[in-house]
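Please open the model in your viewer and keep the sequence panel beside it, so that each selection can be followed in both places. The tour moves from the backbone to the ligand.

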Amino acid sequence: MRKNILCLGIESSCDETSVAVIKNGRQVLSNVISSQIEIHKKFGGVVPEIASRNHIENINIVIKQALDEANVTLEDIDIIGVTYGPGLVGALLVGLSAAKGLAYALNKPLVGVHHIEGHIAANYIEHKRLKPPFVSLVISGGHTHLIHVKDYTNFEILGKTRDDAVGEAFDKVARVIGLGYPGGPKIDKLAKDGKITYNFPRSHFDNLDFSFSGVKTAVLNTVNNSKEEIIKEDICISFEQAVSDVLVQNSLKALKQTGLNKLVLAGGVAANSYIRKELENALSKNGYELYYPSNILCTDNAAMIASAAHYTYKAGFTSDIDINAIANLKIGEKDGYIRNK
Ligand code: KG4
Ligand code: ZN
């Protein structure tokens, strides 16, 4: 009988301290997420130093809780997966140090995970039969990428943003209309009562790149120059429409270019109901399939990191104990810290 593989995953790249236990890459035994949103809210965004300090205070408590909820002990764990980039370096180091300590003390394999590879892997947990190859549209606070996922550990970037990430644009628009941080979920909610009244600009390139600074600036100018009180709901839905149009168009192009028929959404903005609906409509009309994780697996969590670690390990990769945090880690690049067995 095949032995089950239990992976303990750790994520601390931004403002969530999260630890999960995953069985065989797809089954969540626990996924504890300790969010610092309330702490950072009053500053209007994540303060790196405060994030690191809170990760230090939380990490051991969250590890214990994840083991307890999964009803396992450290001895039952087979591999330790951890985000080592990209992200805030001080924040990453907290999770990474904890993971290294555990791997060393328990003499278990350590697997460094790219945060975005984790976001993509959230879909393996949600959709038990989903397998590469597919095209992934990664839309988060720090990334906007179209990626050809050729295999569990083989990625080719087809296009990416030339300036702001989609989530960054959501958060800035939310701030200027007074919705606070993080703005994405609030825009999502307000837009449901809005009417499309503004025609914000869309950027198009010959290749599969994106740009969102134009639409962001257009919204900021509209709000700042308006003589009357703006209707926030209308701004929200008009902004979402402009963003969705570009995401839909580039996604269709990427599917055509690769000859694949599955689009897999990943990252915090994949929770957006308007974007999901627009993609769903456009893809089904063209005979393509759309996949996305449930909301809790869209935003940062350790279950997705453990899933990615599982498949990285299965492909024969582990990390050395001297692995370091890399703030601007490139996707798909197996740097000096990842070793093929
Ligand atoms: O993936 P994530 O948790 O962190 C990064 O890796 O960046 O993404 C966070 C981003 C934030 O910009 C947040 O505003 C956005 O995801 N977000 C949303 C929604 N939920 C989270 N944006 C639009 N609609 C949502 N429902
Ligand atoms: Zn993320």
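Select Asn71 first in this predicted model: Asn71 is exposed, since its relative accessible area of 70% is over the 50% cut-off. Asn71 lies in the loop that runs between helix H2 (48-70) and S4, and its phi is positive, about 60°, although Asn71 is not a glycine. For background, most residues other than glycine have a negative phi, and most peptide bonds are trans.

Go next to Asn107, in the loop between H3 and strand S5 (110-114), where a positive phi of about 60° is again found in a residue that is not a glycine; Asn107 is exposed, with a relative accessible area of 68%.

Now turn to the peptide bonds. Pro86 is placed in the loop between strand S4 (79-85) and helix H3 (89-106), and the bond from Gly85 to Pro86 is cis, with omega near -15°. Pro182 belongs to the loop between H5 and H6, and the bond from Tyr181 to Pro182 is cis, with omega near -10°.

Finally, select ligand 1, which sits in the largest pocket. Helix H4 (115-126), helix H5 (166-176) and helix H6 (184-191) each give two or more residues to the shell around ligand 1, and the shell residues divide into 4 nonpolar, 11 polar and 3 charged. To inspect the polar contacts, display the side chain of Asp188, where an N or O atom is 2.9 Å from a nitrogen atom of ligand 1, and then the backbone of Gly141, where an N or O atom lies 2.8 Å from an oxygen atom of ligand 1. The protein buries 88% of the 560 Å² that ligand 1 exposes when taken alone.

Note on methods:
Residues are numbered from 1 along each chain as its sequence is written. Chains are lettered from A and ligands numbered from 1 in the order in which they are written. This is a predicted model: local features need pLDDT of at least 70, side-chain atom pairs count only at pLDDT 80 or more; totals for chains, interfaces and linings use all residues. Side-chain values use heavy atoms; hydrogens and water are left out. A polar contact is a pair of N or O atoms within 3.5 Å; within protein, one must be able to donate a hydrogen and the other to accept it, and residues adjacent in sequence count only if both atoms are side-chain atoms. Accessible areas come from the Shrake-Rupley method with a 1.4 Å probe; for residues, only the protein chains shown count as cover. On a 1 Å grid over the protein atoms alone, a cavity is a set of points where a 1.4 Å probe fits but cannot get out, and a pocket is an open set with protein on both sides within 12 Å along at least five of seven lines; lining residues have an atom within 4 Å of a point. A molecule sits in a cavity or pocket if more than half of its atoms lie within 2 Å of its grid points. Helices (H or I, at least four residues) and strands (E, at least two) are DSSP runs, numbered from the N terminus. Ala, Val, Leu, Ile, Met, Phe, Trp, Tyr, Cys and Pro count as nonpolar, Asp, Glu, Lys and Arg as charged, and the others, Gly among them, as polar. Buried means under 20% relative accessible area, exposed over 50%, partly exposed in between (1.4 Å probe, protein chains only).
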